[in-house]
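Here is a briefing on one protein model. It covers confidence first, then two residues in their surroundings.

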Amino acid sequence: MRIRRTIGSSTALVVLGIAALVTLNELSRLVGEVLAADGHTHAIADVIGLGAGSELDAWADWRSAAFSPTALIVGHALVDLLFITAYGVLAYRLFRFAERSEGRSADRPLVLLYSVIAFDLIEDALLAALALTGDERLPIVLAVVVYAKWAATLVLVLYALLGSLLGVPVRRAIGTTLLALYAQRLSALVVIAVGVITLVSADGVLEQVPDVYRSWLQYPLSGLSWMPSFNVPAILFSTAAFLLTGLSIVALGRQRARHYRRRTTATDERADAATWPWFAFAAATAAVALVLWAVTGGRSVDWQTTLVFIGIIVAIAAGSAFVRWRGYGLAAPLLTSKLDGRAAAVSLAGDLLALAWVAIWALGPFKALLSPLLLAASGAFDGSRFASSFWSLLVIEVALGVLALVAVVAVRRWLNSAPRERDTGSPTAVVAAAFSDDAPTDERVIASLRAAGRWVVAISVLVIVVLLVFPRVVAYAIGPVALLVLLIGAWTTLIGALILALGQARPLEVFQLLRLRATPVVTLLVLLPIVVSLVDGAPALHAIRTIEPGGFAERDTLRTGFTAWYDAQECALTLPESGASAVPLLLVAAEGGGIRAATWTVDVLRELPRDGSCAAGSTLLSSGASGGSIGIASFQQEGNAATSSADLDTTPLGGSGALAAGIAGLLGGDLVGSVTGLRVPSPVDYGNLLGEWAWQDRTALQEATWAQDAPQFAQPYDVEPQAPTGYMVFNTTDSISNCRVVVSQLDLTTQVSAEQGTVEGPSVPTCNGEDAEVANTVDLQDYIGNCIFSLDWATASELSARFPVLSPAGRISNETLPADCKTVSDMQLVDGGLTDNTALGTIADLSPELVQLITATNARANGADLPYVVPIVMYISNNAGADVTATPDGTRPEALIPLTALLQAPRGLLTASSWLTRLSTELDNVCPATDTVCAAALDEVREQVPQGVAVVQPSTTPSVSVPLGWTISSFSRTRLRLEAETQAECGKTGSAVECFTGGGYGRLGDVLDLFIDD
């Protein structure tokens, strides 16, 4: 009986409903990636949504697809039964409760509820029938039922809000809930933020945490095994972090309710707030700054930022002391009503947030493993290393679902039966007081509770200090999820303790002048960093990381680089129709997109050396943006652990260390340094703790992790080209001048003044005009000089991959650059993807000069021992969807045309398709006007690779959603690797593999088919 009550409890039903909803969303996403023969896609959410009438052709499209979504659609219908059960029982209980409370009949709303359930059940039956039978008459019936369901749902919601039975109590409950959540806003922000990044399905950054969960499972690389190995330390650390933070949320929620319970009168009977703690905190900050300045020789304190921070704290306290001394009259707070009636709602809101936290802990991994489980069930993993993973994933998912139900119900019971004081001298009484919303009365308990609070605060401070001093080693040890939750918990505990402590007295007079009833701690914590950030702090806060410089090398120009490339070609192909010999010249553009872009770029480019040395040596230059730059930089040969570029992958690069280090910096050192000006140094080499200690922001920590895990990134940056990337060009953006900035192995200078960079005073970024080398572009080496060789490959490439907020802008300043740099104006370099995420723009800007060089070479060529050069652009895009046929938008109302045209029309000229059109046209003119043999050779190659462009993108197919962050699971990595191998077969002679690319461009297999095997 007890088990039945537990399983049927409202709490368990809510968890069941959330789990079902998450599963339905994932099923809809997977079905939405099923590509029809005509290139259309349809998600289940659209077919049963308000646009059902326009999705009638979905069923015919699904039947034409190579991947059958039948199992996924039937699964959606079955899971929806659980969701219907959850919301149906909960709504029924709500109406019956209202019936007993209000003394009114609930028959009408129950009839509406039964109607919604009936239509929902019919909808599921039709979904399953359509999936299994394909009856052409049923789509219209389904659309009618869908609209009937939504109409009934709308009527039911309106009745609940406006009807006599529930209207008043529901509206009152909504208002009370909002006020209660505002009282618990600190915990609410934490729970909502973690819930969004954990449970929301959205392709991109929001998939990073789920992919970390997926990385906890490892299946063998060879052979079949149904049971994976588990990353037990990461699981245990994550569980511990969630537990500690959850306890903090519970305690904070109960203490906030206690605070509201004390406010039983409209008159504020609290004592005046003391100003000395504010002065003491300012003095302590100044003392820490002085000690840090003395220990580090002045390198770790930004006095301007520190003084502003201290000044704000002192100004608040001094202003309050002045008002108190002068005895100015203060108006009553705006909110003076009694608040004791809200205490129960505040306590309940805190408990519900704690329950939500427990649900997030269990349902996060549940959501992450849904797509692998569903794909394994539908046969999508057949032939891969995960082919036998279904049963293990099913066992894990069931266990996680049961764990969520049991844990949430158990925590709810614990919260509802929190221990009360019995023996006032026992530790149990202190624990009871900490987790109770009733104020203790025994002085010994109160004293013990205060002592325990000080210990909790001290432990939280210790956690933060350890992460400030040893960020990388802790990040490696506990992993990104545990680190994120632990840091959030530590800061929440500190801020919550501050709120509770300040709530014991009236707010300072400065805040009373604003007619506030309490010290606005959360508001201050939001505004203070904003105000401080307006101060242009020390450049060292986010200065680019430098090392001991390597050897200075003279860069090739585009002319000398092209000449060297042509002279090294030994694999000219003889074209069958014209009989002429030609060498393909590859120009590679690697699109941005975090670790997904880096992995996809590596997986695609390594297909060149796998095809042979001819293909590997065909690339003249590679242009990258963001993660695409990291991908092409991975092929740096010096220090590379891969035996050959054909075997390279991003397994070392995509481990959890870089993401965890970035989180440690973001919520640790960078947060403290940017607000207080105190930059806490950490070891540069953890193998020698007595060696160098230096300030490292979150990007520096991430780069140091890459340098450790993938040793080629630790090597000094150089300008030597190599296969299969050729010369590398990393694209970044200066947020001050809005110029594109390139870190280029090629000297892009076409006309350079002999005096450039030698005039007195700092040089100013000039990216347009007669001094510009490429349109809207500054060459960083020309700008700062040969001190660019003081960068390692990690720093040089990540200058292109500093996405705002996630990574800080890299500061270029005379104060932080090596002494042998030129005198320059400051730059703040951000992600190159903000200027051109395709990385095609740089190639397009170089193409006029390149066309001249190729044309001149082709004029000397004879198509025999001197082969013609045929340029081919290979665009490596990590975004699936090029094979999806977009439905043209309809006409727009006249009033909306100016706005839509203003926002959307300019973007059309900066899309990948626009760049590729320009390049295809430009590179079609590389033969002398009278050389018909060259023209025939060019046409023949362009017949093999249409328009001289190859687009290499993942195909649209149901798959694990690969994240845009900086760590990647084996599920995601395998998805990209297999897709790259498939793309390599597309268009190859004798291959049955077919791939579709938008725009009618060539494919990777078309390019590889040009080369002669070694």
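**Confidence and two buried residues**

In this predicted model, residues 1–7 have pLDDT under 50 throughout, and the model gives them five contacts beyond four places in sequence. Residues 751–760 also fall below 50, with two contacts beyond near neighbours in sequence. For the protein, the mean pLDDT is 86.

**Confidence**

- A pLDDT of 70 or more is reached by 92% of the residues.
- The stretch 1–7 stays under 50.
- The stretch 751–760 is below 50.

**V146**

- Helix α7 spans residues 138–162 and includes V146.
- The relative accessibility of V146 is 0%, so V146 counts as buried; the cut-off for buried is under 20%.
- Outside its neighbours within four places in sequence, V146 contacts V47, I48, G49 and A52.
- E123 is also in contact with V146.
- From V146 to D124 the C-alpha to C-alpha distance is 10.0 Å. In sequence, V146 and D124 are 22 residues apart.

**S371**

- Helix α15 covers residues 370–378, and S371 lies in it.
- S371 counts as buried because its relative accessibility is 0%.
- Which residues does S371 contact, leaving aside neighbours within four places in sequence? They are E26, R29, L30, R214 and V960.

Terms used
Residues are numbered from 1 along each chain as its sequence is written. This is a predicted model: local features need pLDDT of at least 70, side-chain atom pairs count only at pLDDT 80 or more; totals for chains, interfaces and linings use all residues. Side-chain values use heavy atoms; hydrogens and water are left out. Helices (H or I, at least four residues) and strands (E, at least two) are DSSP runs, numbered from the N terminus. Buried means under 20% relative accessible area, exposed over 50%, partly exposed in between (1.4 Å probe, protein chains only). Contact means heavy atoms within 4.5 Å. pLDDT is the predictor's confidence in each residue, from 0 to 100.
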